[in-house]
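Visitor: I've never read a protein model before. Could you walk me through one?

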Amino acid sequence: MGLKRIIKKGLGLGEMGFTKGGGNINWFPGHMAAATRAIKHRLKISDLVIEVRDSRIPLSSAHPGLQPQLSAKRRVIALNKKDLANPNILNVKWVRHFDSCKQDYIAINAHSRSSVQKLLELVELKLKEVISREPTLLVMVVGVPNVGKSALINSIHQIALSRFPVQEKTKRATVGPLPGVTQDIAGFKIAHRPSIYVLDTPGVLVPSIPDIETGLKLALSGSIKDSVVGEERIAQYLLAVLNTRGTPLHWRHLNNRTEVSQSETENKHEYNLKDLRPKRRKPPNASDVTYIEDLVTGVQRALHVSLSEFDGNVEDENDLESLIEQQFEVLQRALKIPHKASEARLMVSKKFLTLFRTGKLGPFILDDVPDANSGF
């Protein structure tokens, strides 16, 4: 039994309110519906579209409702957060897939100037055929929440300022830690002769997600607010993915590492994992980094031991559920969460998800490469 069937049948992951009538959760705010209409209107006048997706979920982070309009436009798919994705799979299997679909794409890190410059070079190449006859060109940036659109816009803006003398005051895109922070559509002039404007847009999702696993992947990557699905449920899904793939078995070398003594870490237990997130005012100091590394090693070691000693079948939903319950207990110890904490499972889930989302557990790609000609 594959992971998809396990998710549909068990682990308490089935009923999430992703589908219409599936729950009382209001996860599609009114501004998203209005934004979707505005985006479709602006798509008609755009000369090129940069569709930003998450490299960890190249298909699940696509907006299905916009694909007919996007596929009819000049489009470049920017696979952002490439530093968090498995490079071997991304640069071989997914490259082959997009090439077979004859779709322009580029893997980027929106915070890297050189990476974004390569994206702009590709965009300019795609616009060459219309630059000669159009005095003003519009480039639209679209994508679901939290794939890094605003970070990309800001990087493009900084590059444009260095390339072209822009007289008027310009405004940076708003970047926030929660999905859907950018709620207005704004234009940024990035070039003269011809004038090129980049349109930033809010992250939008469809009103319902009929496929449970797609919803879980979006939640795990941060495109759906944790409160909609629940951190424990998302952590369960992450553990199910790791176990069915046998990922912890590749962490066996960590068992040979010397255990960190209590005296080395006793003064660092108050370090907040949230400080791992980008754009913090004070970056972690050396002792904090060491503590995080030891914490990650402890987590990986705990999951390796629990899976390697497991005598059940991870393809069986009951066995997998039992394993995951055991792993919550070992993660609680590895993450140094007090045993009697009333919200221990929630604290375990939050810290575990933070380690995954910041790439501390290693690079991953959650989507499987589809069969040829099955869309992108």
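Guide: Let's go through this model feature by feature. Keep in mind that this is a predicted model.

Visitor: Okay, what does the secondary structure of the protein chain come to?

Guide: You start by counting the regular pieces. Here the protein chain has 13 helices and six strands.

Visitor: And how much of the chain is buried?

Guide: For that, you look at how much of each residue is left accessible; buried means under 20% relative accessible area. In this protein chain, 50% of the 376 residues are buried. As for the accessible surface, it comes to about 18600 Å², and carbon and sulfur atoms account for 48% of that.

Visitor: What share of the contacts joins residues 24 or more positions apart?

Guide: Here you compare places in the sequence with places in the structure. Among contacts with a separation of 6 or more, 74% are between residues 24 or more positions apart.

Visitor: Let's try a strand. Are the faces of S1 covered or not?

Guide: With a strand, check each side in turn. S1 spans residues 48–54, and seven of its seven residues are buried. One side holds Leu 48, Ile 50, Val 52 and Asp 54, while Val 49, Glu 51 and Arg 53 sit on the other.

Visitor: Which strands does S1 pair with, and in what sense?

Guide: Look for bridges between strands. S1 runs parallel to S2 (residues 75–80), with six bridges joining them. S1 also pairs with S4 (residues 136–142), in the parallel sense over four bridges. Try finding Ile 50: its bridge partner in S2 is Val 76, and in S4 its partner is Val 141.

Visitor: How does the span of helix H13 agree with its number of residues?

Guide: You can test a helix with a ruler. H13 (residues 344–357) has 14 residues, so at 1.5 Å a residue it should span 20 Å. Its end C-alpha atoms are 20 Å apart, which agrees. The buried residues of H13 include Val 348, Phe 352 and Leu 355. After H13 comes Gly 359, with a positive phi near 80°.

Visitor: Which residue other than glycine has a positive phi?

Guide: For this one, you check the backbone angles. One of them is Lys 81, with phi near 60°, in the loop between S2 and helix H4. Another is Lys 102, with phi near 55°, in the loop between H4 and strand S3.

Visitor: Is Lys 81 buried or exposed?

Guide: Go back to the accessibility cut-off. Lys 81 counts as buried because its relative accessibility is 18%. Lys 102, with a relative accessible area of 76%, is exposed.

Conventions:
Residues numbered from 1 in each chain as written. Predicted model: local features only at pLDDT ≥ 70, side-chain atom pairs only at ≥ 80, totals over all residues. Heavy atoms only, no water. Helix = DSSP H or I, 4+ residues; strand = E, 2+ residues; numbered from the N terminus. Buried < 20%, exposed > 50% of the residue type's maximum accessible area, 1.4 Å probe, protein only. Contact = heavy atoms within 4.5 Å. Areas by Shrake-Rupley, 256 points an atom, 1.4 Å probe, with all protein chains shown as cover. Pairing = 2+ DSSP bridges. Expected span 1.5 Å × (residues − 1).
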